[in-house]
Amino acid sequence: MKTFSQILSALDFSEPSFTALDRAGLIAREQSAGLILFHGMNAVLFKSWPRGFDPLMPELDSSIKSELREKMSQLSNQQHAQGCMNVSTVLADSSSVETLVYSVKSHHFDLVVAGAHGSCYYRDLET
C-alpha cells in the first residue's frame, strides 16, 4: 500500500465534505501524514450584494474571512484532538477548481480527499 506524507482535504462546509475530512483524518492518523484543510471562498456570495453596499464590502469581506478562519481553526483543532499531529489550513481567495488544482500541484500532495457534493452546491446558494 502506498504511504502518504501530505493529504489535502477540500472543504465546502457541506456534510459530504465533513465526511471526506473524517476519512482524510483517519488516513493521516494511520500514516502519520500531514493533513491540510483547504477551503476556497466563493465569489458568488460577494457578487450577490446590491451595488449600494459597495462601501461596506471591505468590512464585510474581512468579517466573512474571519468567520471562515475561525471555522477552519475549529476543524483543525478537532482533527488534532483526534490524533492528527500535523494539521494546517489554507483559505484560498477563489473557489474555482483551478485554484484547488494549482494548490495541489504546487504543494505536491500525495492524496486529495473531497466530498461528492458536486459543483452545483454554490449555484444552489444563489437562488
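This report walks through the fold of one protein, with a closer look at strand E2 and at Leu75. Keep in mind that the model is predicted.

**The overall picture**

We have 127 residues here, of which 32% count as buried. The secondary structure comes to 5 helices and 4 strands, and if you follow the chain from start to end, the order reads β-α-β-α-α-β-α-β-α. As for contacts between residues at least 6 apart in sequence, 80% of them link residues at least 24 apart. On the outside, the protein exposes about 8,000 Å², with carbon and sulfur atoms supplying 55% of that area.

**Strand E2 and its partners**

Let's start with E2, which covers residues 34-40. How many of its residues are buried? The count is 7 of 7, so to speak a mostly covered strand, given that buried means under 20% relative accessible area.

In a regular strand, side chains alternate between the two faces of the sheet. Here is how that plays out: Gly34, Ile36, Phe38 and Gly40 point one way from E2, while Leu35, Leu37 and His39 point the other way. Residues on either side are buried.

E2 pairs with strand E1 and also with strand E3, as the table shows.

| Pair | Residues of the partner strand | Sense | Bridges |
|---|---|---|---|
| E1 and E2 | E1: residues 6-10 | parallel | 5 bridges |
| E2 and E3 | E3: residues 87-92 | parallel | 6 bridges |

For a landmark in each pairing, look at Ile7, whose bridge partner in E2 is Leu35. To get from E1 to E2, the chain passes through helix H1 (residues 15-31), and this β-α-β crossover is right-handed. Over at E3, Val90 is the residue that stands opposite Phe38.

**Leu75, a helix residue under cover**

Now move to helix H3, which spans residues 57-81 and holds Leu75. Is Leu75 buried or exposed? Its relative accessible area is 4%, and because buried means under 20%, Leu75 counts as buried.

Which residues does Leu75 touch, once its neighbours within four places in sequence are set aside? Leu75 is in contact with Leu11, Phe13, Phe18, Leu21 and Leu37. Two of these names tie back to elements we have already met: Phe18 falls within the residue range of H1 (residues 15-31), and Leu37 is one of the E2 residues that point the same way as Leu35 and His39.

There is also a distance to try in your viewer: the C-alpha atoms of Leu75 and Thr89 are separated by 9.1 Å, with their positions 14 residues apart along the chain.

Methods. Residues are numbered from 1 along each chain as its sequence is written. This is a predicted model: local features need pLDDT of at least 70, side-chain atom pairs count only at pLDDT 80 or more; totals for chains, interfaces and linings use all residues. Side-chain values use heavy atoms; hydrogens and water are left out. Buried means under 20% relative accessible area, exposed over 50%, partly exposed in between (1.4 Å probe, protein chains only). Helices (H or I, at least four residues) and strands (E, at least two) are DSSP runs, numbered from the N terminus. Two strands pair if DSSP finds at least two bridges between them. A crossover is right-handed if, with the strands pointing away from the viewer, the path from the first strand over the helix to the second runs clockwise. Contact means heavy atoms within 4.5 Å. Accessible areas come from the Shrake-Rupley method with a 1.4 Å probe; for residues, only the protein chains shown count as cover.
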